[in-house]
Amino acid sequence: MAKQNKNLTIVGAGKLGIVLAQLALKAGYTVYVSGSGSPDKIRLSVEVLAPGAHALTLADATKRSDIIVLALPLGKYQSVPKDMLAGKLVVDAMNYWWEVDGDRDDLRNPETSTSELVQSYFDTSRVVKALSHMGYHHLLDETRPVGAPNRKAIAIAGDNAADNQVVAQLINDLGFDPLHIGQLSAGRWLEPGHEAFGANVDSDTLASYLHDLPPSYAAAVT
Ligand SMILES: NC(=O)c1ccc[n+]([C@@H]2O[C@H](COP(=O)([O-])OP(=O)(O)OC[C@H]3O[C@@H](n4cnc5c(N)ncnc54)[C@H](OP(=O)(O)O)[C@@H]3O)[C@@H](O)[C@H]2O)c1
């Protein structure tokens, strides 16, 4: 895969955000992390858990990278001002989890993936769903170099082939095999309630978990 710019901004300094920061640092990325408020609130945990990552305000963090990973509770996606992500490639790693997000009809429409909602809101960004189905502890423990036996896979759903490729490179850098599963709407099959949610398996096994993808999507799984 071609080399790409190695700056990464992560919005959300919780369990997922910190592990992604750790993996990205290990892969040689410059990492910017923002929480929900002042960077002072997250600075200590970022410094201790992901030394070398930069705790910044949302405005500063989002300016510093072309790739922004959303690792905050899905129910709060609209608290991120969409103008701050204008023109960016946004990796939607979020899931609807009712215990955290509350009982939200808007987030559980079975006809629409939550990433399509995120894309509708961030309408001047390009959203790709990825890094959403594997638990943070597995992400931390299962990272492996390219070609290692039983390397685990992470699915990617997105509408733009070039953006999907950039996210594939990021996933590869973090230590996982990327598995393209089709357009952003295919991200529904990665959400809670589907077999791929929680998957910590290799690429062939992950593809087999997507057996219920409609034929129009299934052809895109690579
Ligand atoms: N945990 C996992 O294993 C895992 C794996 C894959 C995907 N995910 C998804 O990743 C997302 C985060 O999960 P998590 O387990 O990491 O949650 P978490 O530990 O509760 O952390 C969420 C973080 O998001 C921050 N946040 C909230 N609103 C924000 C805003 N407007 N701007 C910036 N940061 C904001 C929170 O900061 P404050 O405390 O200051 O509000 C907190 O640091 C969820 O959508 C989840 O479904 C989680």
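A residue counts as exposed here if 12 or fewer other C-beta atoms lie within 10 Å of its own, and as buried if there are 20 or more. Keep those cut-offs at hand for this predicted model.

**Stop 1: two unusual backbones**

Select Asn 150. It sits in the loop between H6 and strand S7 (153–158). Buried or exposed? Asn 150 has 9 C-beta neighbours inside 10 Å, so it is exposed. Check its backbone too: phi is near 60°, a positive value in a residue other than glycine. Most residues other than glycine have a negative phi.

Now select Leu 131. This residue is not a glycine either, yet its phi is positive, at about 65°. Look for it in the loop between strand S6 (126–130) and helix H6 (136–142). Its surroundings are another matter. Leu 131 has 28 C-beta neighbours inside 10 Å and therefore counts as buried.

**Stop 2: the core**

From Leu 131, step to Val 91, one of its contacts. Val 91 also touches Ile 67, Ile 68, Val 69, Leu 70, Val 128, Ala 130 and Val 167, leaving aside neighbours within four places in sequence.

Widen the selection to the largest nonpolar core, which has 72 residues. Val 91 is among those with the most contacts inside this core, together with Val 33, Val 69 and Leu 70. Which element gives the most to the core? Helix H1 does, with seven residues. In soluble globular proteins, nonpolar side chains tend to be buried together.

**Stop 3: the sheet**

Show the strands. Eight of them form an open sheet with mixed pairing. Follow the order S3-S2-S1-S4-S5-S6-S7-S8. Strand S3 (54–55) and strand S8 (177–180) stand at the edges. Each has a single partner strand, so one side of each has no neighbour in the sheet.

Go to strand S1 (residues 7–11) and strand S4 (residues 67–70). They run parallel and are joined by three bridges. Pick Ile 10: opposite it in S4 stands Val 69.

Next, select helix H5 (residues 114–121). H5 packs on the sheet and touches strand S5 (89–92), S6 and S7. The directions of H5 and S6 make about 155°.

**Stop 4: the ligand**

Finish at the ligand. How many residues surround it? There are 27, and the closest are Gly 12, Gly 14, Ser 36, Met 94 and Asn 95. Colour this shell by type: 13 residues are nonpolar, eleven polar and three charged. Then highlight helix H1 (residues 15–26), which supplies the largest share of the shell, three residues.

Methods
Residues numbered from 1 in each chain as written. Predicted model: local features only at pLDDT ≥ 70, side-chain atom pairs only at ≥ 80, totals over all residues. Near = placed C-beta within 6 Å. Helix = DSSP H or I, 4+ residues; strand = E, 2+ residues; numbered from the N terminus. Nonpolar A, V, L, I, M, F, W, Y, C, P; charged D, E, K, R; others polar. Core = buried A, V, L, I, M, F, W, Y, C linked by C-beta atoms within 7 Å. Contact = placed C-beta atoms within 7 Å. Pairing = 2+ DSSP bridges. Axes fitted to C-alpha atoms, helices over the stretch in contact; angles between N-to-C directions.
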